[in-house]
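Grab a pencil and work through these exercises with the model open beside you. Try each task yourself before you read its solution.

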Amino acid sequence: MLHRPAANRRIVSRALILCAATALWLAAAAPANAQFAFNTFITQGEATTGWVNDTDTPPGATDQLSLQLFVNGSSSQDFDDAARALFTGLPADPPADAPSFYFKVSTAGASGGSVRFLIRFSDGGNGELRPLTLQAGQWTFVDGAGPNWDTSGGSCGFQPDLTYSQVLACHSGAQIASVEILNDSGWLFPGGFSVLVDNISYAGVTLSGPAAPVETSSVTLTQLSGDVVVRVPQSVGGQAPPIGSASGSVARLKGTATLPLGSVIDSTTGRARLFARRGNRQQVGNFSDGRFRVRQAEDGEVLLTLRGKLDCGARSSGARAEASATRRRLWGSSRGRFRTRGSYSSGSVRGTKWLTVDRCNGTLTVVREGIVQVHDYGTGDRVLVRAGQSYFAHAAGKTR
């Protein structure tokens with residue numbers, strides 16, 4: 001195995017803290033006493049992650065989804081790229097049975113320590129389950145019962161090639177702080193290093209896909225094309241976002257992830273598909289060309305609030321105001337109950353294709369298909385806007 005030098009590992013650890021404000025936290029809110037489940041994505045540097053379709057499944061797979069962790073190191077000295085998947089529903093005490101997982105890569109050679117299953121203990125130490133070598137194009141089973149663990153901290157300091165039980169002995173009395181799957185070996189394969197992971201087993205549970213959306217709690221988002229950027233709320237599942245993050249963290253999504261309500265989705269240069277539950281029905285919407293925060297009302301209606309800065313100061317007029325308005329807009333097409341909110345109006349839709357644009361002097365709604373019921377905040381009117389029509393809700397005090 002080609003181990004990353006200790007000094008380099010310290011560099012990466014320091015970078016994970018200092019650069020954490022650019023990390024990606026894609027998470028589902030974790031109910032109390034939940035069993036082991038997928039919780040959060042994090043990416044750092046040039047990296048993407050998400051659940052993706054893969055027809056070549058590992059033995060025992062029940063679906064065609066696999067966890068993809070992609071990093072793109074620029075050189076053998078680039079240690080700043082990492083893709084992670086974190087989990088929730090962890091038992092306080094380490095389970096007796098060793099964890100395991102399947103992985104597949106397209107590159108053969110030394111592993112560089114990735115992909116690995118990382119346990120963080122409450123004593124500040126770690127246990128890392130990692131393969132020694134990479135076999136291209138085939139699923140490889142990593143059995144945590146073998147002598148393929150590294151440990152650091154605890155009573156043993158750094159020790160390689162231990163068994164799971166030996167790792168637990170090095171952290172006797174410590175509880176589980178967090179569990180994650182990690183790929184940070186882009187430095188070893190500059191130009192792109194992608195890992196697929198599946199059938200992740202821990203604490204008696206085997207995971208092979210994202211959590212389903214939960215009404216009034218979470219939604220599922222799929223990146224369809226381009227860049228889809230997500231910012232999650234300040235606190236998710238009782239876990240704070242990275243150090244240095246004032247209002248959550250952002251990064252690109254590849255594939256599918258479960259998001260807590262309150263997340264901000266940026267599809268300015270991409271297209272995203274949003275899934276939400278309403279009773280026993282699934283609601284679906286495709287969105288592009290804008291940024292929005294997603295919430296859900298008690299009656300199941302999905303609320304999309306336009307986000308982005310509008311420069312509407314005293315000097316903002318004419319072409320400048322129009323240019324700034326292009327940064328707060330959203331195209332949508334949906335099946336189910338969705339409502340978009342601009343600064344001066346909202347539009348309720350059911351099976352519609354529509355555009356919402358915020359301008360300094362009002363909010364414009366354009367309907368291409370179906371019907372949108374627009375609520376004009378200034379007048380209080382509720383207006384039905386049909387296909388081929390538009391409605392402009394003027395800002396208070398503006399001339400019509």
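**Exercise 1. Work out what secondary structure the protein has.**

Step 1: Count the elements. The protein has three helices and 31 strands. Helices (H or I, at least four residues) and strands (E, at least two) are DSSP runs, numbered from the N terminus.

Step 2: Know what you're looking at. This is a predicted model, where local features need pLDDT of at least 70, side-chain atom pairs count only at pLDDT 80 or more, and totals for chains, interfaces and linings use all residues. Residues are numbered from 1 along each chain as its sequence is written, and side-chain values use heavy atoms, with hydrogens and water left out.

**Exercise 2. Find the disulfide and say which parts it ties together.**

Step 1: Search the whole structure for cysteine sulfur atoms within 2.5 Å of each other, which is what a disulfide means here. One disulfide turns up.

Step 2: Name the partners. They're Cys-156 and Cys-170, with sulfur atoms 2.0 Å apart.

Step 3: Place them. Cys-156 sits in the loop between β12 (149-152) and β13 (159-162), while Cys-170 belongs to helix α2 (residues 164-170), so the link ties together parts that are 14 residues apart in sequence.

Step 4: Check the twist. The angle about the S-S bond is -90 degrees, and the link of Cys-156 and Cys-170 is left-handed.

**Exercise 3. Decide whether each cysteine of the pair is buried, partly exposed or exposed.**

Step 1: Recall the cut-offs. Buried means under 20% relative accessible area, exposed over 50%, and partly exposed in between (1.4 Å probe, protein chains only).

Step 2: Apply them. Cys-156 has 28%, so call it partly exposed. Cys-170 has 6%, so that one is buried.

Step 3: Zoom out. Of the 400 residues in the protein, 52% are buried.

**Exercise 4. Classify the ring pair of Phe-287 and Phe-338.**

Step 1: Use the rule. Rings of Phe, Tyr and Trp (its six-membered ring) pair if their centres lie within 6.5 Å; planes under 30 degrees apart are stacked, over 60 edge-to-face, and the rest tilted. That gives 14 aromatic pairs.

Step 2: Test this pair. The centres of Phe-287 and Phe-338 are 5.8 Å apart and the planes meet at 55 degrees, so the pair is tilted.

Step 3: Locate the rings. Phe-287 is in strand β21 (residues 281-288) and Phe-338 in strand β25 (residues 337-341), 51 residues apart, so this pair links distant parts of the chain.

Step 4: Check burial. Phe-287 is buried at 2%, and Phe-338 is buried at 0%.
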